[in-house]
Amino acid sequence: MFASVSALSAPSAHGRGAARLAAATLVSGLLAVGVLAGAGSAAADETTQTQGGATATIGGLKTYGTAVIHDAGGDQEVSAGLFEMSVEGGGTLQTYCVDLHTPTQRDAKYHETPWSGTSLGTNKDAGKISWILQHSYPQVNDLASLAGKAGIGGGLSEQDAAAGTQVAIWRYSDGADVDALDPEAEKLADHLFKSARAVPEPKASLTLDPPAVSGRPGELLGPVTVHTSAEGVTVTPQADAALSGVRIVGKDGKTVTSATNGSQLFFDVPAEAAATGSSALTVQASTTVPVGRALTSDSRSQTQILAGSSESTVSATANATWATQGAVPALSATKNCAEGALDITATNRGDEPFTFDLMGLEHTIPAGESKTVTIPLQEDQAYDFTINGPGGFAQRFTGVLDCRTQTATTGTTVQTLSEPSPATVGGTAPDTNLAATGGSTATPLIAGTAIALVVIGGAALVLLRGRQEPPQS
């Protein structure tokens, strides 16, 4: 489906447009015949596009009021307020929704995600949403003070504070025509919306950069740099690392079991290690996740943004591959919502070119180079494909591209079946509870035949950029 660009060079604007058209045309054809593809080797290492941080399961709306959405179909009452999530390893997150017309799937698993991998990445008002979170409930839990700043004489309940905050966020995240039903909550929403100023995206609670490295046995593979808001992290090698003699070390070659923000970690692979192999390390910490971090789910559940965090467990993983001769690849991937695409970064630390085949298309990365391959995807499209390399190397990538709100995509709403059930106000709108947690028979859960349709065949790997890097020792 993607037109090949030899030598991994950047395409022209005209070429990119043609590639996207080819992609859309091919996907439509494949959907019609129900083709499955791209699963690759069963032994392939699987890579989702999580970049570290908190992983949590959504538990539903906990503190909320009522909002009214005004649209062409009539006015609709919906629940509006704070969700609660349980963090894997311990901790609790409070979040608001930034994807009004998408339902929240019950017990969906969420991952901390940079704005660039969500609808916030292309939203010029994302910084104002972050400001609202920092200046309203629950970050400001003195409700009398919050009411005074908003000019509310009668005070605020927690429910009104949550509803008013959510309404103000929806006006920026979805461009929605929405009001809070309660007069005090509506005053708060107006105050927050008018007062908001753009602030920078908060840094991740924990990431490793890069998330994949490669090299020769007998060398230090890396560095992998720790970026974290925590005071410190524990460093744990893969369970079977000792069997291959691999150690996790610092610049001085000494074994490390803990690190801090900015620390550089290396895989010390002994010269007598297997001719080809791989290992991994995990870093973990307990910290509060920064307010304003986005959280997304590959189950196509409503995108969330962090409003509050207890002390919570966060983690990140980096992988290493090695070979005694030839090409030595390292692969990682990130979602790129500005381009509606998936970016795959391929690095070759060997002494021969790394040639890989992706859905029938062959691409070559010379020794010592790192290139980013950008694959255009359709919104809400599931993908699942494997990149194979020398010596049995196989890396599998799976996920769903979810970059836009429903209003930005179609202008329509999604009917859901969930609680608390909404009421219809002054119109004939469908029974729609867009904000509350719950399953939906109308939600398009992408699976099965949708997998990897966008990367079959070959009409277009669009390569945005390349950069020459010297091999690392």
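These exercises work through selected strands, a helix and some backbone features of a predicted model.

**Exercise 1. Helix α5**

Task: Determine what span helix α5 should have, and which of its residues are buried.

Solution.
- Step 1. Helix α5 covers residues 183-195, which is 13 residues. At 1.5 Å a residue they should span 18 Å. The end C-alpha atoms are 18 Å apart, so the expected span and the model agree.
- Step 2. Now list the buried positions. They are Ala185, Glu186, Leu188, Ala189 and Leu192. These residues cover an arc of only 160° around the axis, which puts them on the same side of α5.
- Step 3. Recall the helix geometry. An α-helix has 3.6 residues a turn, so residues three or four places apart point the same way.
- Step 4. Look at the opposite face. Turned away from the buried side, it carries the exposed residues Pro183 and Lys194.
- Step 5. Find the packing partners. The buried residues of α5 pack against α2 (126-134), α3 (143-149), α4 (158-173) and β6 (178-180).
- Step 6. Check the N-terminal end. Asp182 caps it, with a side-chain oxygen 2.9 Å from the backbone nitrogen of Glu184.

**Exercise 2. Strand β16 and its partners**

Task: Work out how strand β16 is joined to β4 and to β15.

Solution.
- Step 1. Start with cover. Strand β16 spans residues 304-309, and five of its six residues are buried.
- Step 2. Take β4, residues 92-97. Five bridges join β4 to β16, and the two run antiparallel. Leu93 has Ser309 of β16 as its bridge partner.
- Step 3. Take β15, residues 294-296. Two bridges join β15 to β16, again antiparallel. Here Leu295 is the bridge partner of Gln304 in β16.
- Step 4. Move to the loop between β15 and β16, where Thr303 sits. Buried means under 20% relative accessible area. Thr303 has 3% relative accessibility, so it counts as buried.
- Step 5. Trace the contacts of Thr303, leaving aside neighbours within four places in sequence. Among them are Tyr96, Cys97, Thr118, Leu295 and Asp402.

**Exercise 3. A four-stranded sheet**

Task: Give the strand order of the open sheet that contains β7, and name its edge strands.

Solution.
- Step 1. The order is β7-β9-β13-β11, with antiparallel pairing.
- Step 2. The edges are β7 (206-209) and β11 (247-249), since each pairs on one side only.
- Step 3. From one strand to the next, the twist averages 30°.
- Step 4. Examine one pair. Four bridges link β7 to β9 (residues 220-228) in the antiparallel sense. Thr207 has His227 of β9 as its bridge partner.

**Exercise 4. Backbone exceptions**

Task: Locate the cis peptide bonds at Pro210 and Pro223, and the positive phi angles of Arg300 and Asp380.

Solution.
- Step 1. Set the baseline. Most residues other than glycine have a negative phi, and most peptide bonds are trans.
- Step 2. The bond from Asp209 to Pro210 is cis, with omega near -5°. Pro210 is in the loop between β7 and β8 (212-215).
- Step 3. The bond from Gly222 to Pro223 is cis too, with omega near 5°. Pro223 belongs to strand β9.
- Step 4. Arg300 is not a glycine, yet its phi is positive, about 60°. Arg300 is in the loop between β15 and β16. Its relative accessible area is 4%, so Arg300 is buried.
- Step 5. Asp380 is not a glycine either, and its phi is about 65°. Asp380 lies in the loop between β22 (369-376) and β23 (382-388). With a relative accessible area of 16%, Asp380 is buried.

Terms used
Residues numbered from 1 in each chain as written. Predicted model: local features only at pLDDT ≥ 70, side-chain atom pairs only at ≥ 80, totals over all residues. Heavy atoms only, no water. Buried < 20%, exposed > 50% of the residue type's maximum accessible area, 1.4 Å probe, protein only. Pairing = 2+ DSSP bridges. Expected span 1.5 Å × (residues − 1). Arc of directions from axis to C-beta. Contact = heavy atoms within 4.5 Å. Polar contact = N/O pair within 3.5 Å; in protein donor to acceptor, adjacent residues only side chain to side chain. Axes fitted to C-alpha atoms, helices over the stretch in contact; angles between N-to-C directions.
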